[in-house]
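Work through the following exercises with the coordinates open, and try each task before reading its solution.

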Amino acid sequence: MVYRLPPLSSMRLFEAAGRHLSFKAAAEDLNITPSAISHGVQTLEDWLGVELFVRGNRSLALTEAGAVYLPQVQAALELLARATETVPGRKPTGRLAVSVPPTFGMRWLLPRLRRFNERHPRIEVTVDTSQRRVEFSRDGIDVAIRMGRGDWTGLHATCLVRERLVPVCAPALAASIRSADDLRRETLLHVTRAGEDWAAWGGLAGIDLSATTGGVRFDTIQMALEAAVAGIGVALGRLPLVEPDFAANRLMPVLGPPLVCATGYWLVMQRETVMRPEVSAFRRWIDSELKAADEGGRAETAPARPRAAGAR
């Protein structure tokens, strides 16, 4: 059978433009120029004999034909990408793209990445710390590290380490927080994107924080921890992320010990990529690193339990 297909490269450009509804954003996504996107889309439109976009002065919208065509092109490109991953005997590419939350990437992965490079010098690693939802094949991501409960339907997910929670603050403030009542009088620093926050810790510790008002909210764990270092208030420390702060005496745990919560750090990927040599190497390395860090953190962090006052 002879397949009558348009230029595949132009379909990829159309998909990016249709997804972003912007030639400029599509160009940034694919690391080419907006002009190349425009010419590629025009080539596809000429081949099809129909316009796919309505082009305004500062706007881009799909035509009826474009709106029908886009999801089918996306499904076809996804199928091609998955088929490519499953080719038996495929040679290593020597490249690995990792998506990681920004705080985990900065505080945990970056200081250790040199050891991976030394062990696997022929693997070129790309780290993506954007907080968008990853579409593996479309975004060119091989593996993702995610904080959650493992409920990623259709993907292969392995729990690396469970998250442990403990309130943390600057050393100058720590001496004044010896009970739950002391904590309620302080400014609590919240993370809006975190699945487990103060309510979760309070439930585990048997401390009612429902009457606590005010506080400051941040969209990243990094910002909340830095605010705690600056003495603004008390943050919820998440092990293993806060271990460097403990070691440097920038933060101290209070009302411990750390409590294991429902969330953890997971290594997530498409099932088709599990056996790729680069992915397998990264899986083995990060699993060993996290287990070593977790065991060390448990041995080093043993603050006293909260006093009975204010606990349920």
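**Exercise 1.** In this predicted model, determine how strand β3 is paired with strand β4 and in which sense the two run.

*Solution.* Begin with the pairing itself: β3 and β4, the latter spanning residues 124–128, run parallel and are joined by five bridges. Next, take a single position, A97, whose bridge partner in β4 is T126. Finally, turn to the surroundings of β3, which covers residues 95–99 and is mostly covered, since four of its five residues are buried.

**Exercise 2.** Classify the mutual orientation of helices α5 and α10, and describe the residues that form their contact.

*Solution.* The first step is geometric: α5 (residues 102–119) and α10 (residues 221–229) pack at an angle of about 60 degrees, and their axes lie 7 Å apart. The second step compares this angle with the cut-offs, by which 65 to 115 degrees counts as roughly perpendicular and under 35 degrees as roughly parallel; the two helices are therefore oblique to each other. The third step lists the contact, to which α5 contributes T103, M106 and R107, while α10 contributes I221, Q222, L225 and E226. By character, these residues divide into three nonpolar, two polar and two charged.

**Exercise 3.** Decide whether E45 is buried or exposed, and identify what it touches.

*Solution.* Locate E45 in helix α3, residues 34–48. Its relative accessible area is 4%, and because buried means under 20%, E45 is buried. Leaving aside residues up to four places away in sequence, E45 touches V50, E51, L52, F53 and R55.

**Exercise 4.** Describe the chain over the segment that UniProt annotates as "domain: HTH lysR-type".

*Solution.* The unreviewed UniProt entry places this feature at residues 6–63. Over that range the chain is 62% helix and 10% strand, with the end C-alpha atoms 19 Å apart.

Notes:
Residues are numbered from 1 along each chain as its sequence is written. This is a predicted model: local features need pLDDT of at least 70, side-chain atom pairs count only at pLDDT 80 or more; totals for chains, interfaces and linings use all residues. Side-chain values use heavy atoms; hydrogens and water are left out. Axes are lines fitted to C-alpha atoms, for helices over the stretch in contact, and angles run from 0 to 180 degrees between N-to-C directions. Angles under 35 degrees count as roughly parallel, over 145 as roughly antiparallel, 65 to 115 as roughly perpendicular and the rest as oblique. Contact means heavy atoms within 4.5 Å. Ala, Val, Leu, Ile, Met, Phe, Trp, Tyr, Cys and Pro count as nonpolar, Asp, Glu, Lys and Arg as charged, and the others, Gly among them, as polar. UniProt positions are given in the numbering used here, feature names are shortened, and annotations may be inferred rather than shown by experiment. Buried means under 20% relative accessible area, exposed over 50%, partly exposed in between (1.4 Å probe, protein chains only). Two strands pair if DSSP finds at least two bridges between them.
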